[in-house]
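Student: I have a chain open here and would like to go through it with you. Can we start broad and then go to single residues?

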Amino acid sequence: MAEEEDVDAAIDEGRDSMGKAIERFRKELTKVRTGRASTSLLDGISVDYFDTPTPLNQLATLSVPDPRMIVISPFDKTVIPQLEKAIQKSDLGLTPSNDGKVIRIQIPPLTEERRKQLVKQVRKIAEDHRIRVRDARRDSLSLLKDLEDDGLSKDDRHRAEKKVQDVTDEFIKKIDELTAQKEKDVLEV
């Protein structure tokens with residue numbers, strides 16, 4: 001009976017690791033620019049505020065009044081120059097403008113060439129996360145091999161390996177679906 005619980009634990013551990021890979025993948029996809037404005041584009045941008053790197057979203061209210069613009073309303077108006085500098089330094093290629101109270105970022109339409117670059121970037125991110133899922137599968141299979149060395153029958157191990165492969169296929173399919181959706185969003189004019 002303990003063997004069955006150990007097998008289930010090995011499968012669950014793999015499923016948890018794969019689930020974490022999917023969540024990281026979703027988070028990374030939000031950072032890839034589409035033709036529409038999104039406050040998630042600014043995730044990861046830090047501003048030097050009183051000599052402390054502070055996330056931009058903790059210094060201002062972010063809003064999207066229309067599909068091609070992001071408006072940043074800082075809580076402290078004196079931080080506007082640092083906010084602008086941080087946005088310009090980011091690899092987003094966006095140009096902020098301010099009126100002394102708020103910063104506006106106009107999101108230009110993507111060129112066809114830029115769309116193709118972004119699709120390649122999405123595919124690379126997807127492949128990196130497929131590798132993470134396969135690494136989690138390898139770790140689960142290794143745990144099952146150790147259980148076989150500790151007395152698990154070969155047939156039980158093979159059944160458990162099939163379950164691990166089914167879980168892996170399920171998560172790889174999720175990555176493929178998310179990738180296809182993001183590519184569609186990027187290519188949308």
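Tutor: We begin with the overall layout and then turn to strands and single residues.

Tutor: This is a predicted model, in which local features need pLDDT of at least 70, side-chain atom pairs count only at pLDDT 80 or more, and totals for chains, interfaces and linings use all residues. Residues are numbered from 1 along each chain as its sequence is written, and side-chain values use heavy atoms, with hydrogens and water left out.

Student: How many helices and strands does the chain have?

Tutor: There are 4 helices and 6 strands; helices (H or I, at least four residues) and strands (E, at least two) are DSSP runs, numbered from the N terminus. In sequence order the pattern is α-β-β-β-β-α-β-β-α-α.

Student: Why is the chain described as more spread out than a compact globule?

Tutor: Because its radius of gyration is 23 Å, well over the 16 Å that the globule rule gives for 189 residues. That radius is taken over C-alpha atoms, and the rule is 2.2 Å times the number of residues to the power 0.38. The C-alpha trace spans about 70 × 40 × 25 Å along its principal axes.

Student: What share of the residues is buried?

Tutor: Buried residues make up 38% of the 189. Buried means under 20% relative accessible area, exposed over 50%, and partly exposed in between (1.4 Å probe, protein chains only).

Student: And contacts: what share joins residues at least 24 apart?

Tutor: Among contacts between residues at least 6 apart in sequence, 65% do. A contact means heavy atoms within 4.5 Å.

Student: On to strands. Which ones pair with S6?

Tutor: Strand S4 (residues 69-74) pairs with S6 in the antiparallel sense over 4 bridges, and strand S5 (residues 96-98) is also antiparallel to S6, over 3 bridges. Two strands pair if DSSP finds at least two bridges between them.

Student: Which residues stand opposite each other there?

Tutor: Val-71 stands opposite Arg-104 in S6, and Asn-98 has Ile-103 in S6 as its bridge partner.

Student: What links S5 and S6?

Tutor: They form a hairpin with 4 residues between them, and Gly-100 in the turn has a positive phi of about 95°.

Student: Which residues of S6 are on the covered face?

Tutor: Ile-103 and Ile-105 are on the covered face of S6 (residues 103-106), while Arg-104 and Gln-106 are on the uncovered one.

Student: Which residues other than glycine have a positive phi, say in the loop between S1 and S2?

Tutor: Phe-50, with phi near 55°, is in the loop between strand S1 (46-49) and S2. Asp-51, with phi near 60°, lies in that loop between S1 and S2 as well.

Student: Are those two buried or exposed?

Tutor: Phe-50 is exposed, with a relative accessible area of 67%, and Asp-51 counts as exposed at 70%.

Student: Where is Gln-58?

Tutor: Gln-58 is in the loop between strand S2 (52-55) and strand S3 (60-66). Its relative accessible area is 54%, so Gln-58 is exposed. Gln-58 and Phe-75 are 17 residues apart in sequence and 8.9 Å apart in space, C-alpha to C-alpha.

Student: Last one, Thr-168: buried or exposed?

Tutor: Thr-168 is buried, with a relative accessible area of 1%. Thr-168 lies in helix H4 (residues 154-187).

Student: What does Thr-168 touch?

Tutor: Not counting residues up to four places away in sequence, Thr-168 touches Met-18, Val-133 and Arg-137.
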